[in-house]
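Good morning, everyone, and thank you for making time for this. Please have the sequence and the picture open, and follow along as I point to one part after another.

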Amino acid sequence: MKRILALASVLSLSCGVASAQVLVKDAWVRATVAQQKATGAFMQITAPRAGRVVAAKSPVAGVTEVHEMSMENNVMRMRALPALDLPAGKAVELKPGGLHVMLMDLKAPVTEGQTVPLTLTVEYADKSRETVEVKAGVRALGAATGGHDHH
């Protein structure tokens, strides 16, 4: 009986951990040309409870930030965000021409077929944090993206 209770306890804990994880889907990075020093990473992020992406990093870039693009007086503007809000259970889409992860000071060109590792840090209201490891495939520079091509 003790074994069954212990197993049930472990299973319930592992189920709780699994349901508490942030889900990242369709992660990709735009390929670069030889001298290009920046590119964008795009994906859908869904958190099980309200949180915020408070940090991003990648070994391929010297600087990794969450950015927002917006139109102001018919001019496209881009700015770094201190954090990206993740509403509970709702997908937040990072896409060309909108929210995205900016990879700057690239250490080498990013080429089609390569996989770029990214680490996102999500913080919740209770100050607990979750680290999310993302593997983003690199898409060709001219791949159809449906957005602005400023990266």
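Let me start with strand 10, where Lys-135 is the bridge partner of Pro-117. That pair belongs to a longer arrangement, in which strand 9 and strand 10, the latter covering residues 129–139, run antiparallel and are paired over 9 bridges. Before going further, I should say that what you see is a predicted model, with a mean pLDDT of 85 for the protein chain and 81% of the residues reaching 70 or more. Over residues 2–19, however, the pLDDT is below 50, and this stretch has 1 contact in the model beyond near neighbours in sequence. Residues 145–151 also stay under 50 in pLDDT, although the model has 20 contacts for them beyond four places in sequence.

Now to strand 9 itself, and to how it sits in the structure. Of the 10 residues in this strand, which spans residues 115–124, 8 are buried, and therefore strand 9 is largely enclosed by the rest of the structure. Besides strand 10, there is strand 3, residues 51–57, which is joined to strand 9 by 6 bridges in an antiparallel arrangement. If you would like one pair to look for on the screen, find Ala-55, which stands opposite Thr-121 of strand 9.

Within strand 3, please look next at Gly-51. Is Gly-51 buried or exposed? Its relative accessible area is 8%, and since anything under 20% counts as buried, Gly-51 is a buried residue. Leaving aside residues up to four places away in sequence, Gly-51 touches Leu-84, Asp-85 and Leu-86, and also Val-122, Glu-123 and Tyr-124. The C-alpha atom of Gly-51 is separated by 9.6 Å from that of Ser-128, a residue 77 places away along the chain.

Let me turn to the charged side chains, for which a search of the whole structure finds 6 salt bridges. One of them joins Asp-126 and Arg-49, whose closest N and O atoms are 3.5 Å apart. Asp-126 lies in the loop between strand 9 and strand 10, while Arg-49 lies in the loop between strand 2 and strand 3, so this pair ties together parts that are 77 residues apart in sequence. Arg-49 counts as partly exposed, because its relative accessibility is 36%.

Another salt bridge brings together the side chains of Asp-85 and Arg-52, at 3.8 Å from N to O. Here too, distant parts of the chain are linked, with Asp-85 in strand 6 and Arg-52 in strand 3, 33 residues apart. Arg-52, at 39% relative accessibility, counts as partly exposed.

Finally, we come back to the hairpin of strand 9 and strand 10, which has 4 residues between the strands, and in which Lys-127 takes a positive phi near 75 degrees. Which residue forms a salt bridge with Lys-127? The partner is Glu-123, and the closest N and O atoms of this pair are 3.9 Å apart. Salt bridges with shared partners join Glu-123, Lys-127 and Arg-129 into one network. Lys-127 is exposed, with a relative accessible area of 60%, whereas Glu-123 counts as buried at 15% relative accessibility.

Terms used. Residues numbered from 1 in each chain as written. Predicted model: local features only at pLDDT ≥ 70, side-chain atom pairs only at ≥ 80, totals over all residues. Heavy atoms only, no water. Buried < 20%, exposed > 50% of the residue type's maximum accessible area, 1.4 Å probe, protein only. Helix = DSSP H or I, 4+ residues; strand = E, 2+ residues; numbered from the N terminus. Pairing = 2+ DSSP bridges. Salt bridge = Lys/Arg side-chain N within 4 Å of Asp/Glu carboxyl O. Contact = heavy atoms within 4.5 Å. pLDDT = per-residue confidence, 0-100.
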